[in-house]
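This report examines one protein model and describes a selection of its local features. The sequence and the structure are shown first, and the description follows.

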Amino acid sequence: MVITTDHPHRERAEQRRKFVPPSRLHLPDVPDRAEDALLDQLLYATADGCQDCRSMLLDRFAQDAGATHKLVDWACWIATEVYGGLPAELVDEAATADTLFRPSLTFCRLAAEYRARGRTSSGMYTAREPAQRREAADTAVTLVAGLQRCWTDFLYR
Ligand SMILES: [Zn+2]
């Protein structure tokens with residue numbers, strides 16, 4: 001599937017915090033692919049608040065278990081660095097309910113696996129429905145964009 005946007009989103013120079021975009025993070029268990037640049041587009045579109053691009057890209061990644069895998073492991077890796085470990089508010093259903101962020105259930109389950117093992121497995125993505133992959137990808141990129149904007153306060157507003 002080819003995707004075209006009439007207006008690209010880019011990393012913004014004035015962003016307070018910068019994290020490595022998904023295309024530049026190499027994960028031992030997730031092959032790097034040419035289309036990883038689209039994952040970066042999702043981050044920048046989210047930071048820019050562009051719902052059209054977000055929706056289009058999330059629809060695409062929902063069909064792509066490998067893309068979702070990379071996004072989730074990328075977000076978990078960044079959150080682990082920021083918080084010194086994945087906080088309960090990202091993995092525990094009861095704790096997430098107390099946050100404004102409200103991470104999706106699918107993301108929390110994947111994040112719990114990441115917290116336990118330092119990674120998630122590709123089978124956890126191929127076994128899930130596109131709608132579940134979409135909500136996990138949505139949570140992952142919204143989390144990173146939120147950490148860029150608000151740093152550790154993002155989960156505790
Ligand atoms: Zn856009």
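Helices are DSSP runs of H or I with at least four residues, and they are numbered from the N terminus. The model described here is predicted. In these terms, Arg 102 lies in the loop between helix H5 (93-96) and H6.

Arg 102 has a positive phi of about 50 degrees, although this residue is not a glycine. A positive phi also occurs at Trp 151, again not a glycine, with a value of about 55 degrees. Trp 151 is found in the segment that follows helix H8 (130-150).

**The zinc site**

Four protein atoms act as donors to the zinc ion: NE2 of His 7, NE2 of His 9, SG of Cys 50 and SG of Cys 53. Their distances from the ion are 2.0 to 2.3 Å. Why is the arrangement tetrahedral? The angles that the 4 donor atoms subtend around the zinc ion are 101 to 115 degrees, and four donors count as tetrahedral if all angles lie between 85 and 135 degrees. For four tetrahedral donors, the ideal angle at a metal is 109.5 degrees.

Along the sequence, the donor residues follow the spacing H-x1-H-x40-C-x2-C. His 7 belongs to the segment before helix H1 (36-47), whereas Cys 50 is in the loop between H1 and helix H2 (51-62); the pair therefore ties together parts that are 43 residues apart in sequence.

**The contact of H3 with H6**

Helix H3 (residues 65-83) and helix H6 (residues 105-117) have axes that come within 10 Å and cross at roughly 65 degrees. The crossing of H3 with H6 is right-handed. On the H3 side, the residues in contact are Val 72, Asp 73, Ala 75, Cys 76, Trp 77 and Thr 80; on the H6 side, they are Phe 107, Leu 110, Ala 111 and Tyr 114. By class, this contact has 8 nonpolar, 1 polar and 1 charged residues.

The loop between H6 and helix H7 (123-126) contains Gly 118. Between Gly 118 and Asp 73 there are 8.7 Å in space, C-alpha to C-alpha, although the two are 45 residues apart in sequence.

**Accessibility of selected residues**

The table gives the relative accessible area of residues discussed above.

| Residue | Relative accessible area | Class |
|---|---|---|
| His 7 | 31% | partly exposed |
| Cys 50 | 14% | buried |
| Arg 102 | 54% | exposed |
| Gly 118 | 42% | partly exposed |
| Trp 151 | 26% | partly exposed |

Within the zinc site, Cys 50 is thus buried, whereas His 7 is partly exposed.

Key:
Residues numbered from 1 in each chain as written. Predicted model: local features only at pLDDT ≥ 70, side-chain atom pairs only at ≥ 80, totals over all residues. Heavy atoms only, no water. Axes fitted to C-alpha atoms, helices over the stretch in contact; angles between N-to-C directions. Helix = DSSP H or I, 4+ residues; strand = E, 2+ residues; numbered from the N terminus. Left-handed = near helix turned anticlockwise from the far one by under 90°. Contact = heavy atoms within 4.5 Å. Nonpolar A, V, L, I, M, F, W, Y, C, P; charged D, E, K, R; others polar. Donors = N, O, S within 2.8 Å, 3.2 Å for Na, K, Ca; no water. Tetrahedral: all angles 85-135°; square planar, octahedral: opposite > 155°, others 65-115°. Buried < 20%, exposed > 50% of the residue type's maximum accessible area, 1.4 Å probe, protein only.
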